[in-house]
Amino acid sequence: MKVYHGSTEKITSPLVNVGRKNLDFGQGFYVTNLKQQAISWATRPANQGEKKYLNIYELDIEDIHQSNFRILQFSKYGREWLDFVVANRKGQGLWKKYDVVEGGIANDRVFNTVELYAADLITAEEALQRLSYHKPNNQICIINQEIIERYLHFIESIKIEDK
């Protein structure tokens with residue numbers, strides 16, 4: 001499967017232990033099979049004035065699934081996804097139990113709902129009701145460096161021009 005990573009750098013040899021720990025799915029190397037989503041990661045306001053790249057890879061996802069890796073997949077924004085994301089953002093490190101986590105992104109469309117739930121300002125039921133109106137995007141967090149070395153193959157980096 002072709003996957004993408006938007007960044008301010010060309011990343012030919014990704015490392016899982018470089019990013020922040022308190023992200024949706026924990027510390028790892030994040031990719032998506034949605035090209036436009038990766039471009040939006042690279043062009044977010046925090047990267048203004050920086051060079052931006054769309055890094056393209058081939059991910060042997062079927063081989064990963066056939067191996068003995070610990071994989072967690074969320075097919076929708078549900079209670080398990082919500083609690084997992086909130087726990088990781090609070091530093092509880094649930095991601096450490098897995099080699100790969102895949103599912104929806106707590107992006108701008110759903111971020112406020114997740115934050116309200118994390119702060120106990122709305123119930124899980126209210127959060128899930130709000131999330132039911134959103135179709136999840138997709139992110140894959142590779143947590144195990146062995147997976148990158150064996151199953152993620154760099155293709156190319158394309159410079160993204162500012163608009």
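Biologist: In this predicted model, which residue of β5 stands opposite isoleucine 71?

Modeller: The residue opposite isoleucine 71 is valine 100.

Biologist: What makes β4 and β5 a strand pair?

Modeller: Two strands pair if at least two bridges are found between them. β4 and β5 have 3 bridges, in the parallel sense, so the criterion of at least two is met.

Biologist: How do you know which faces of strand β5 are covered?

Modeller: The test is burial, and a residue is buried if its relative accessible area is under 20%. In strand β5 (residues 100-103), Val100 and Glu102 on one side are buried, as are Val101 and Gly103 on the other. Both faces of β5 are therefore covered. In general, side chains in a regular strand alternate between the two faces of the sheet.

Biologist: To what sheet does β5 belong, and how are its strands ordered?

Modeller: β5 is one of 4 strands of an open sheet with the order β2-β6-β5-β4 and mixed pairing.

Biologist: Why are β2 and β4 called edge strands?

Modeller: β2 (29-31) and β4 each have a single partner strand, so one side of each has no neighbour in the sheet. On average, neighbouring strands of this sheet are turned by 15 degrees against each other, direction ignored.

Biologist: How is β2 joined to strand β6, and which residue of β6 stands opposite tyrosine 30?

Modeller: β2 and β6 (residues 139-142) run antiparallel and are joined by 3 bridges. Tyrosine 30 stands opposite cysteine 141 in β6.

Biologist: How are the strands of the other sheet, that of β1, β3 and β7, ordered and paired?

Modeller: These 3 strands form an open sheet in the order β1-β3-β7, with antiparallel pairing. β1 (2-7) and β7 (152-159) are its edge strands, each pairing on one side only. The twist from one strand to the next averages 25 degrees.

Biologist: What makes β3 and β7 partners, and which residue is the bridge partner of isoleucine 56?

Modeller: Strand β3 (residues 53-59) and β7 share 7 bridges in the antiparallel sense, and at least two are required for pairing. The bridge partner of isoleucine 56 is glutamate 156 in β7.

Biologist: Where does helix α1 lie, and what covers its buried residues?

Modeller: Helix α1 (residues 35-42) lies across β1 and β3, at about 15 degrees to β1. Its buried residues are Gln37, Ala38, Ile39, Trp41 and Ala42. Their cover includes β1, β2, β3 and β6.

Biologist: How do you know where the buried residues of helix α5 fall around its axis?

Modeller: In α5 (residues 124-131), Ala124, Ala127 and Leu131 are buried. Seen down the axis, the buried residues of α5 fall within an arc of 65 degrees, so they line one face of the helix. In general, an α-helix has 3.6 residues a turn, so residues three or four places apart point the same way.

Biologist: How many aromatic pairs are there, and what is the geometry of phenylalanine 69 with tyrosine 151?

Modeller: The whole structure has 8 aromatic pairs. The rings of phenylalanine 69 and tyrosine 151 are 6.0 Å apart, centre to centre, with 90 degrees between the planes. The distance is within 6.5 Å and the angle is over 60 degrees, so the pair is edge-to-face. Phenylalanine 69 lies in the loop between α2 (61-66) and β4 (71-73) and tyrosine 151 in helix α6 (residues 145-151), so the pair ties together parts 82 residues apart in sequence. Both residues, phenylalanine 69 and tyrosine 151, are buried.

Biologist: Why is the pair of phenylalanine 74 and phenylalanine 84 called tilted?

Modeller: The ring centres of phenylalanine 74 and phenylalanine 84 are 5.5 Å apart and their planes stand at 50 degrees, so the pair is tilted. An angle under 30 degrees would count as stacked, and one over 60 as edge-to-face. Phenylalanine 74 and phenylalanine 84 also belong to one aromatic cluster with Phe25 and Tyr98.

Biologist: Are phenylalanine 74 and phenylalanine 84 buried or exposed?

Modeller: Phenylalanine 74 has a relative accessible area of 13% and is buried. Phenylalanine 84, at 5%, also counts as buried, the limit being under 20%.

Biologist: What makes the protein chain as compact as a globular protein of its length?

Modeller: The radius of gyration is 16 Å, close to the 15 Å that the globule rule gives for 163 residues, so the protein chain is as compact as a globular protein of that length. Of the 163 residues, 47% count as buried.

Note on methods
Residues numbered from 1 in each chain as written. Predicted model: local features only at pLDDT ≥ 70, side-chain atom pairs only at ≥ 80, totals over all residues. Heavy atoms only, no water. Buried < 20%, exposed > 50% of the residue type's maximum accessible area, 1.4 Å probe, protein only. Helix = DSSP H or I, 4+ residues; strand = E, 2+ residues; numbered from the N terminus. Arc of directions from axis to C-beta. Axes fitted to C-alpha atoms, helices over the stretch in contact; angles between N-to-C directions. Rg over C-alpha atoms; globule rule 2.2 N^0.38 Å. Contact = heavy atoms within 4.5 Å.
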